[in-house]
Amino acid sequence: MKFRNTPAWVALLVLVLPGIAQAAVQVVTGPTPIERGDARAAGDITLVNEKLAVAIAVESVVPYGVPRGAIIDVAPVRGGRVGHDQAVFADFIPNNWSAWPNTFQRVTIVQRDAAQAVVRAERDWGKVTISTVYTLRANADYVDIQTTMRNDGAAALPGLLSGLTLWPRGGYEFGVPGIPVAFTGKFATALADRFVAYDESWAMALHMDDFDHVANGTKDLFRLHTLQPGESRSFSGRLQVAPSGDLRAIIKAEIDHRNLPAGFVRGTVTGRNGATIDRPVIVIEKQGHPYGWVVGQKGRYELTLPAGEYALYATAKNSSQSGKLAVTVEAGSQATRNFQNLDGPGRILFNVSSAGAGAGAGLPLDARIAIMEGQKPLVQFLGRKVFFTELDARGRIEVPIAAGPYLFHVSAGGGFFGPSREVPVTVIGGNTQTVAVALQRQFEPNAQGWYAADLHHHADQAEAVTPPTDLARSQLAAGLDLLFVSDHDSTANHVAIARIARRRGMPFIPAIELSPSWGHFNAYPLTPGAKLGVDTSTATVDELFQDARRMGASVLQSNHPFLLYGYLASLTSQTVPGGFNAGFDLLEINADVPNDDARVLAVLWRLWNAGHRVYLSGGTDTHDVWNERSGRLRTFAHLNGPVSAAGFAQALKDGHAYVSFGPLIFPSVMFGDTLKVKPGASFTLGFDVKSVKGLSTIELIGGGNVIKTESITGTAVQEIHVDFPLTQGAAGWYSLKVRDRDGNKAYSNPIWVDTLSDPMQ
């Protein structure tokens with residue numbers, strides 16, 4: 001059965017009709033039958049068999065400006081019904097994310113019959129031609145991916161990092177076994193050939209042969225190589241899809257593909273008094289590292305493993321973990337390992353309130369509660385490690401949790417305004433207990449007109465996984481004064497978050513992260529209902545900036561400008577279409593980018609020395625509030641009137657702001673303002689500086705150099721006033737850099753100092 005030129009909804013209807021043979025591969029052109037899929041154009045191609053569906057962008061836009069020809073939708077198929085899209089994109093990357101520049105993309109259906117479908121995607125990358133062939137066979141649970149790079153240029157291309165990438169939509173990530181998730185670069189410890197994305201009801205695995213480098217939480221699997229003129233190189237991989245979060249088929253596929261000797265393990269899992277654990281999870285460790293897991297049924301499990309030495313333990317949703325049992329797997333062997341006495345879940349009701357005396361004492365506080373010590377499930381759908389108090393029951397949250405001893409970290413305000421607390425709790429299975437936590441608030445920046453927002457934060461679009469309600473709970477727990485969202489090329493969450501902000505009586509800054517391949521920009525605040533009007537994969541810088549202003553943005557913020565796809569990095573490599581455009585207002589210090597602080601400051605200092613009033617911003621780039629911390633870097637802005645999105649944005653444009661990982665700054669002369677001083681006259685810049693963690697050093701920067709340093713002795717100094725006496729020479733600027741005892745820093749915008757032209761003034 002063929003679906004060429006058949007409307008997608010008709011194709012989907014045929015796929016799910018009873019009695020239709022399910023063993024044939026189907027090819028659908030047009031809008032994809034994958035639920036919530038992004039391949040919506042008439043020329044897009046979807047490949048479907050009885051186990052999975054993938055959609056290839058032919059005309060639809062690929063996220064992040066990735067060239068067309070990539071897979072942009074992936075879903076399991078259950079009982080003939082195509083499921084929800086679980087991928088942002090999967091593609092071949094020629095050199096460490098940089099898939100550009102391109103002059104053409106061609107996507108061709110090579111074969112389409114009941115046995116298999118084959119699609120070829122071709123494009124150029126500079127002088128290199130890249131050809132990727134996707135093959136889906138009947139009854140297969142994976143798409144085979146074969147890519148060839150051919151250097152048609154006259155020069156060798158050394159040091160290329162080429163390979164496959166998979167960026168999931170939602171769910172959780174299980175990186176390449178044996179490699180730390182935060183690791184980037186060459187490794188020698190990989191225990192498998194796969195990156196896995198998963199949730200309780202689905203899993204995807206990207207397998208790649210012979211990769212030797214990883215990046216981006218091991219979502220990128222690369223091989224380091226040099227491509228000589230006229231030389232071709234091939235890369236092989238597979239994108240596997242499973243209908244649940246059980247990884248047994250993914251482990252078995254690796255065994256089969258690599259022809260590994262393997263053996264069999266089975267057993268039972270019971271709770272206290274022999275009670276059956278309905279859906280036990282058996283976690284597998286190899287060489288001391290997590291290797292995978294399987295999900296059992298009705299107290300039983302079975303799995304196939306490559307020959308080797310392993311440790312297994314059993315657990316279940318919100319349940320305790322068993323002790324570890326060693327097992328040696330040999331070719332053709334069968335072993336039994338049984339697990340007993342698992343404890344069921346208990347419950348904790350947290351009540352978080354303000355400590356101290358006075359009118360504010362005992363008031364409920366929005367809070368973040370994280371497990372510091374105690375059971376933290378590897379398989380994340382079994383239980384959370386981080387919790388947030390409720391939106392409408394401020395200061396309260398009731399959570400199911402595995403039995404055992406815990407140490408919880410409870411914070412309100414993220415450690416900026418008062419100390420957090422460490423709270424020990426022993427959870428008893430089957431019991432509910434109430435835990436009251438009182439937190440002291442020491443500092444009140446609002447009282448002096450200072451308000452904070454996390455100016456780079458995602459919800460649940462593209463690869464981000466935080467629903468709007470949880471974004472709000474996390475930002476409120478961080479003590480931020482304005483809600484903020486900047487999803488990639490999307491305004492889909494604005495209405496929901498605006499509604500939440502009204503419920504809580506606080507301002508909301510609606511933003512978008514414009515995400516071409518050559519630089520990401522936050523544009524805000526946007527007009528309600530505004531939608532992106534350009535294709536970010538093809539727009540020039542002038543077109544992009546013009547569309548941001550059309551959407552109502554008064555602020556354009558250059559995000560992580562020195563990443564491979566950052567604006568300043570791309571200007572250096574001359575890959576920005578249209579070249580330099582000075583129409584941005586802010587340069588971001590990004591909490592997730594190592595050494596970002598110094599590089600951004602160095603550029604800003606040069607701009608300030610030239611008199612350009614481009615200012616600082618700061619944000620976390622949080623995508624997942626349960627594994628990242630909202631507001632750990634934030635921007636404080638000073639407002640003289642009511643707190644609003646427009647007022648906050650104007651304060652940023654005026655430079656009335658600083659960014660901070662913890663310390664608080666209160667200047668005697670406002671950042672961004674100009675102080676007029678007679679030539680040779682003395683003047684003083686004064687600052688009140690505070691930090692919950694205790695202050696360490698305060699540096700006054702002038703013209704890009706450290707002019708004066710105040711070192712604070714003693715570990716208990718949490719607030720201090722410093723005065724810096726100065727003498728006016730030529731016009732210039734001064735800013736502040738503060739460091740606390742934990743190494744957290746704050747950086748200010750400049751105070752401009754100008755010379756009075758009339759000495760009689």
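Which residue just after α5 takes a positive phi? Let's work up to that and a few other puzzles together.

This is a predicted model, where local features need pLDDT of at least 70, side-chain atom pairs count only at pLDDT 80 or more, and totals for chains, interfaces and linings use all residues. Residues are numbered from 1 along each chain as its sequence is written, and side-chain values use heavy atoms, with hydrogens and water left out.

**Exercise 1. Describe helix α5 and its surroundings.**

Solution.

Step 1: Locate the element. Helices (H or I, at least four residues) and strands (E, at least two) are DSSP runs, numbered from the N terminus. Helix α5 spans residues 541-550.

Step 2: List what is buried, which means under 20% relative accessible area (exposed is over 50%, partly exposed in between; 1.4 Å probe, protein chains only). In α5 the buried residues are V541, L544, F545, D547 and A548. They cover an arc of only 160 degrees around the axis, so they sit on the same side of α5; the arc is that of the directions from the helix axis to the C-beta atoms.

Step 3: Find the cover. The buried residues of α5 are covered by elements including β36 (508-514), β37 (521-524), β38 (555-558) and α6 (567-572).

Step 4: Return to the opening puzzle. Just after α5, G552 has a positive phi of about 105 degrees.

Step 5: Look for charge pairing inside the helix. D547 and R550 meet through their side chains in a salt bridge (2.6 Å, N to O); the term stands for a side-chain nitrogen of Lys or Arg within 4 Å of a carboxyl oxygen of Asp or Glu. Both residues lie in α5, 3 residues apart, about one turn of the helix. D547 is buried, with a relative accessible area of 6%.

**Exercise 2. Work out the sheet that contains β27.**

Solution.

Step 1: Set the pairing rule. Two strands pair if DSSP finds at least two bridges between them.

Step 2: Write the order. The open sheet has 3 strands, ordered β30-β27-β33, and its pairing is mixed. β30 (396-402) and β33 (432-439) are the edge strands, each pairing on one side only.

Step 3: Split the mixed pairing. β27 (residues 345-354) runs parallel to β33 over 8 bridges, whereas 7 bridges join β27 to β30 in the antiparallel sense.

Step 4: Check single residues. I348 has V399 as its bridge partner in β30 and Q433 as its partner in β33. N351 stands opposite A436 in β33.

Step 5: Ask how covered the strand is. β27 is mostly covered, with 7 of its 10 residues buried.

**Exercise 3. Do likewise for the sheet that contains β23, then place α2.**

Solution.

Step 1: The open sheet has 4 strands in the order β21-β20-β23-β24, with antiparallel pairing. Its edge strands are β21 (289-295) and β24 (325-329).

Step 2: β23 (residues 308-315) pairs with β24 over 5 bridges in the antiparallel sense, and Y310 stands opposite V327 in β24.

Step 3: Helix α2 (residues 248-258) lies across β20 (281-286) and β21, running at about 120 degrees to β21. For such angles, axes are lines fitted to C-alpha atoms, for helices over the stretch in contact, and angles run from 0 to 180 degrees between N-to-C directions.

**Exercise 4. Find the residues that touch the most other members of the largest nonpolar core.**

Solution.

Step 1: Define the set. A nonpolar core consists of buried Ala, Val, Leu, Ile, Met, Phe, Trp, Tyr and Cys residues joined through side-chain atoms within 4.5 Å.

Step 2: Of the 53 residues in the largest core, L514, Y524 and F648 touch the most other members. Helix α7 (residues 596-609) gives the largest share of this core, 6 residues.

Step 3: Take L514 and leave aside its neighbours within four places in sequence. Its contacts (heavy atoms within 4.5 Å) include L544, A548, M551 and L556.

**Exercise 5. Trace a salt bridge between distant parts of the chain.**

Solution.

Step 1: The whole structure holds 31 salt bridges.

Step 2: One of them joins the side chains of K653 and D585 (3.1 Å, N to O). K653 is in helix α8 (residues 645-653) and D585 is in the loop between α6 and β39 (586-590), 68 residues apart.

Step 3: Compare accessibility. K653 is partly exposed at 29% relative accessible area, while D585 counts as buried at 14%.
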